[in-house]
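Colleague: Got a minute to go through this one with me? I have some quick questions.

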Amino acid sequence: MSKATHRALPFHFGTVGTPLSAPKNEGSAGGVRRIRELNLDALELAWVRGTTHITPEACARVRSAAEECDVAISVHATYFFNLNTQDDEMWQAGRERLLRAARLGTLAGATDVIFHPGSYMKRSTEEAFRVATERLAEIAETVRREQPSIMLRPETMGKQALLGTLDETIEWSRRFENVLPCVDFAHLHARPGDGSFNSYAEFAAALQHIKDGLGNRALQRMHIHLSGIAYTQRGEKNHLNLDESDLHYKDLLRALADFGAAGRILSETPNMEEGAIIMQNAFGSARRRSTHVTT
Ligand SMILES: [Zn+2]
């Protein structure tokens, strides 16, 4: 796809983590420059093992590369976080990790911080949701005061044992103004474990559900994770490249185009940027055939 065409797309495409083809010794700033060379537009910094090795100087380098290359930055916060942990000390540590990701993310020019909400543990789903919501309320308020431009993005999760249904992420987003879902469509397909959530009709229903719950503000600012996926009856097993998976991603991209949705789509395939480029091209052709009338 030519540079002029892809820039006109309502979605910006990129990778979660530095592209595989980026230079090995230039860190995330080199990743930003590689994203631009590939004619992609977004990078999510994969701080999934924490931020202890991240310095403010490295963040400044990412920020200036991103400004220079016009690449949109987001941050994937640590996996070591659970809104529903029953151990208060663990909760305080997790809370601090997420806040630190938001602070450093801001220094790196990130507009969004993505996090996995946690797991139900031994609680009922209702009780876990209540505990998680109370804690998220406090975090959202703290982030709103400290980094008013950052959006917190609880991700939809692929295993039934994990907090993060589409409904839960919509409900949090209704309650807190600086919270919107990170919609991982591969996770939503894997979660029921029966191969469902894999058709145009089901993708369109999910988008309608987001629109009904959160209005156009959410549809116009979607943050999407996408990959192929392997799953069992209990949900997600592991991510796959698109062509190794049964996910009907072209139907998903068609539904997004037909809804006139916009935002970012980040590849989480093992082949990373190759997946992002496939998604970008497939979305471009879905959009050309779309029923959505652009004004
Ligand atoms: Zn994730």
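Modeller: Sure. Start with Arg153, which is buried, at 2% relative accessibility. Keep in mind that this is a predicted model.

Colleague: Which strand is Arg153 found in?

Modeller: Arg153 sits in strand β5, which covers residues 151–154.

Colleague: And which side chain does the Arg153 side chain make a polar contact with?

Modeller: That of Asp112. The distance is 2.8 Å.

Colleague: What else does Arg153 touch, not counting residues up to four places away in sequence?

Modeller: Besides Asp112, Arg153 touches Val113, Ile114 and Phe115. Leu180, Pro181 and Cys182 are also on the list. So are Arg221, Met222 and His223.

Colleague: Switching to empty space. How many cavities of 30 Å³ or more does the structure hold?

Modeller: One. The largest cavity holds about 40 Å³ of space.

Colleague: Which residues line the largest cavity?

Modeller: Arg153 is one of them. Leu180, Pro181 and Val183 line it too, along with Ile210 and Ala218. Arg221, Met222 and His223 complete the lining.

Colleague: How does that lining split by class?

Modeller: Six residues are nonpolar, one is polar and two are charged.

Colleague: Now cysteines. How many disulfides does the count come to?

Modeller: Zero. Take Cys59: the closest cysteine sulfur is in Cys69, 17 Å away.

Colleague: Why is that too far for a bond?

Modeller: Because a disulfide needs the two cysteine sulfur atoms within 2.5 Å, and the sulfur of Cys59 is 17 Å from that of Cys69.

Colleague: What about Cys69, seen from its own side?

Modeller: Cys69 is in no disulfide either. Its nearest cysteine sulfur is that of Cys59, at 17 Å.

Colleague: Is Cys59 buried or exposed? And Cys69, buried or exposed?

Modeller: Cys59 is buried, with a relative accessible area of 1%. Cys69 has 10% relative accessibility, so Cys69 counts as buried too. The cut-off for buried is under 20%.

Colleague: Last topic. Where is Ala161 found?

Modeller: In the loop between β5 and α6, where α6 is residues 166–175.

Colleague: Which residues is Ala161 in contact with, leaving aside neighbours within four places in sequence?

Modeller: Ser119 and Tyr120.

Colleague: How far apart are Ala161 and Gly235 in sequence and in space?

Modeller: They are 74 residues apart in sequence. In space, the distance is 8.8 Å, C-alpha to C-alpha.

Conventions:
Residues are numbered from 1 along each chain as its sequence is written. This is a predicted model: local features need pLDDT of at least 70, side-chain atom pairs count only at pLDDT 80 or more; totals for chains, interfaces and linings use all residues. Side-chain values use heavy atoms; hydrogens and water are left out. Helices (H or I, at least four residues) and strands (E, at least two) are DSSP runs, numbered from the N terminus. Buried means under 20% relative accessible area, exposed over 50%, partly exposed in between (1.4 Å probe, protein chains only). A polar contact is a pair of N or O atoms within 3.5 Å; within protein, one must be able to donate a hydrogen and the other to accept it, and residues adjacent in sequence count only if both atoms are side-chain atoms. Contact means heavy atoms within 4.5 Å. On a 1 Å grid over the protein atoms alone, a cavity is a set of points where a 1.4 Å probe fits but cannot get out, and a pocket is an open set with protein on both sides within 12 Å along at least five of seven lines; lining residues have an atom within 4 Å of a point. Grid points are joined across faces, edges and corners, and a volume is the space filled by probe spheres set on the points. Ala, Val, Leu, Ile, Met, Phe, Trp, Tyr, Cys and Pro count as nonpolar, Asp, Glu, Lys and Arg as charged, and the others, Gly among them, as polar.
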